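Good morning, colleagues. I should like to take you through selected local features of one structure, beginning with individual side chains and proceeding to helix packing.

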Amino acid sequence: MNARKPPTMPSIDSALVWFRRDLRDHDHAPLHHALADGAKVHCVFVFDTEILDALEDRADRRVEFIHGSVVELDQALRAKGGGLRVLHGRARDLIPALARELGVQAVYWGRDYEPAARDRDADVITQLQAAGVEPRLVKEHVVFERDEVLTLAGKPYTVFTPYKNAWLKRLHTAGAPMVDVAAYPVTPKPSQLQAPSADARIPTLADMGFEPTDNAALGITPGMSGGRERLADFAQRIDGYKDRRDFPAVKGVSYLSVHLRFGTVSIRECARLALGLETIADPMASPDITPKAATGGKPPMTEGRTGWLNELIWRDFYFAILHHFPHAATKPFKPEYEGLVTDQDDQRLAAWQEGRTGYPLVDAAMRQLNTTGYMHNRLRMVTASFFTKHLLLDWRLGEAYFARKLIDFDQSANNGGWQWAASTGCDAQPYFRIFNPISQSEKFDAEGKFIRRYVPELAKVPTKYIHAPWTMPPLDAQSTGFVVGRDYPAPIVDHATQRAEALKRYAAAAKK
């Protein structure tokens, strides 16, 4: 693998690195460039009240995860001779103020692509420039960003497969093979990283008006240590990813989504794992060394590795979509569906949110979300399809609920996934392909193990009826003591009826 090119930015006397969704001290592009360009480097993280004040739950899993990750990051930076200034307030005010206070010539941070973040960053950039401080934004959260993967006509892709092919072609460009997934090493010189003042402290959750959650009890370990442990575990299972990823009752997926969301692992490190460029057997091994390519120049790929790499490319794709088409954050990507007729039904909405729709797999998935802050990827598709095509509700309501509950909530992926399921997005599921929640259950949770875990009232229902308990004959129901409508809800909608209505509504919208 090629080494990183020398930085092209002019040297400076001092710099500030603004950590955001990149909470690690290794393979870190902003910190790498700041160390290469500046003699003294200060580090800061802001608990941004513009974000925190909008959260409804004071026991928010994400806030606790971030807090634990920030504490660990501070310890790691102190071990390198520096430390992390941790502030609480409006980032758009605090970052320019801190830059002026420290007298730095430049502020480095990883570029964001979501509308609200871009608005905040534009404000910070304006203030920094007015103060004579140079904002130096770099690519950090993706492998390829913005205009790096475009069509031959110079337009953004709106269909995934050609985007993926172009992504892979760029990655393997002759003369610079794999350089875009090479690590950004963090190797400060003595006294280069600057420590906060002796009286500096990290605000507690209570200081910020938040409460602890049950993350630890659920095995959710924050920070680089948690990310490295998950990455090392998945490295042992990645070759079976394609065969196991769709079954929520088995350990098939990576469980790295929250660590990717907050950057406690590097997207480049994940890509290197998928490409076979890195073997991660020891969670304590240094992650800050660029590995060499596999013997023969081309990494050995398996279906599992290829399948996971595709998911990482989908991640880049959705970031690019939101960057190029910011209207998709609040409106259908496809304008013809702005006129799609949806229902307003608070009872159906509440039943879906609470996991009592009468469809076991849907309910189990929603209860997993409510209980753990996580939902298996296959079930995100199933529940979103049910919400939009069976309950006939506006996809934005479901998207907003996921945004409140998911510990790994990422606007670009959440929006892309919901618009895919609702058939309103780019390269979306065609509207006439509607998931049958019963057949999805039979296919991906055949024995009902996942259902029984989260819907314990169905524990005694025989497996052949677990996917549709209302079909159980009276004698079988009597022998188990189970009564639909008493022990578990009857279906709130009929699949065939709602499917027909959805097809009618989508067809009408598509003709306009």
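**Buried and exposed sites, and the packing of helices**

Asn215 has a relative accessibility of 3%, below the 20% cut-off, and therefore counts as buried. Please bear in mind throughout that this is a predicted model. Asn215 sits in the loop that runs between H6 and H7. Its side chain comes to 3.2 Å from the backbone oxygen of Arg61. Apart from residues up to four places away in sequence, Asn215 touches Arg61, Glu64, Phe65, Ile220 and Ile407. Arg61 thus appears both in the polar contact and in the list of touching residues.

The loop between H6 and H7 also contains Ser191. Is Ser191 buried or exposed? Its relative accessibility is 66%, over the 50% cut-off, so Ser191 counts as exposed. The backbone of Ser191 also deserves a remark: phi is positive, at about 65°, although the residue is not a glycine. For context, most residues other than glycine have a negative phi.

A positive phi is also found at Arg146, at about 40°, and Arg146 is not a glycine either. Arg146 belongs to the loop between strand E5, residues 134-138, and helix H6, residues 160-171. With a relative accessibility of 33%, Arg146 counts as partly exposed.

Within helix H6 itself, I draw your attention to Lys164. Lys164 touches Asn310 and Ile313, residues up to four places away in sequence not being counted. The C-alpha atoms of Lys164 and Leu277 are 19 Å apart, and 113 residues separate the two along the chain.

I turn now to the N-terminal part of the chain. Arg21 is placed in the loop between strand E1, residues 12-19, and helix H1, residues 29-37. Why does Arg21 count as buried? The reason is its relative accessibility of 5%, which lies under the 20% cut-off. A polar atom of the Arg21 side chain lies 3.4 Å from the backbone oxygen of Arg261. Setting aside neighbours within four places in sequence, the residues in contact with Arg21 include Asp112, Glu114 and Asp410, together with Leu260, Arg261, Phe262 and Gly263. His141, Arg315 and Phe319 are also in contact with Arg21.

Helix H1, which follows that loop, is mostly covered, with eight of its nine residues buried. Which residues of H1 are buried? They are Ala29, Pro30, Leu31, His32, His33, Ala34, Leu35 and Asp37. The elements that cover them include the strands E1, E2, E4 and E5, as well as the helices H3 and H10.

Let me proceed to helix packing, with H14 as the common partner. Helix H14, residues 377-390, packs against helix H16, residues 411-422, at an angle of about 55°, and the axes are 8 Å apart. That angle makes H14 oblique to H16. The crossing of these two helices is right-handed. From H14, the contact is made by Met381, Ala384, Ser385, Phe387, Thr388 and Lys389, and from H16 by Trp418, Trp420, Ala421 and Ala422. By class, the residues of this contact comprise seven nonpolar, two polar and one charged.

What of H14 and H20, and at what angle do their axes cross? The axes of H14 and helix H20, residues 495-511, come within 8 Å and cross at roughly 70°. H14 is therefore roughly perpendicular to H20. H14 contributes Thr388, Lys389 and His390 to this contact, while H20 contributes His495, Gln498, Arg499, Ala502 and Tyr506. Here the classes are two nonpolar, four polar and two charged residues. Thr388 and Lys389 of H14 take part in the contact with H16 and also in the contact with H20.

The final site is Glu457, found in the loop between helix H18, residues 449-454, and helix H19, residues 474-480. Glu457 has a relative accessible area of 28% and is therefore partly exposed. Its side chain is joined to that of Arg367 by a polar contact of 2.9 Å. Leaving aside neighbours within four places in sequence, Glu457 is in contact with Arg367, Phe482, Asp487 and Tyr488. The C-alpha atoms of Glu457 and Leu369 are separated by 18 Å, and the two residues are 88 apart along the chain.

That concludes the presentation, and I thank you for your attention.

Methods: Residues numbered from 1 in each chain as written. Predicted model: local features only at pLDDT ≥ 70, side-chain atom pairs only at ≥ 80, totals over all residues. Heavy atoms only, no water. Helix = DSSP H or I, 4+ residues; strand = E, 2+ residues; numbered from the N terminus. Buried < 20%, exposed > 50% of the residue type's maximum accessible area, 1.4 Å probe, protein only. Polar contact = N/O pair within 3.5 Å; in protein donor to acceptor, adjacent residues only side chain to side chain. Contact = heavy atoms within 4.5 Å. Axes fitted to C-alpha atoms, helices over the stretch in contact; angles between N-to-C directions. Parallel < 35°, antiparallel > 145°, perpendicular 65-115°, else oblique. Left-handed = near helix turned anticlockwise from the far one by under 90°. Nonpolar A, V, L, I, M, F, W, Y, C, P; charged D, E, K, R; others polar.
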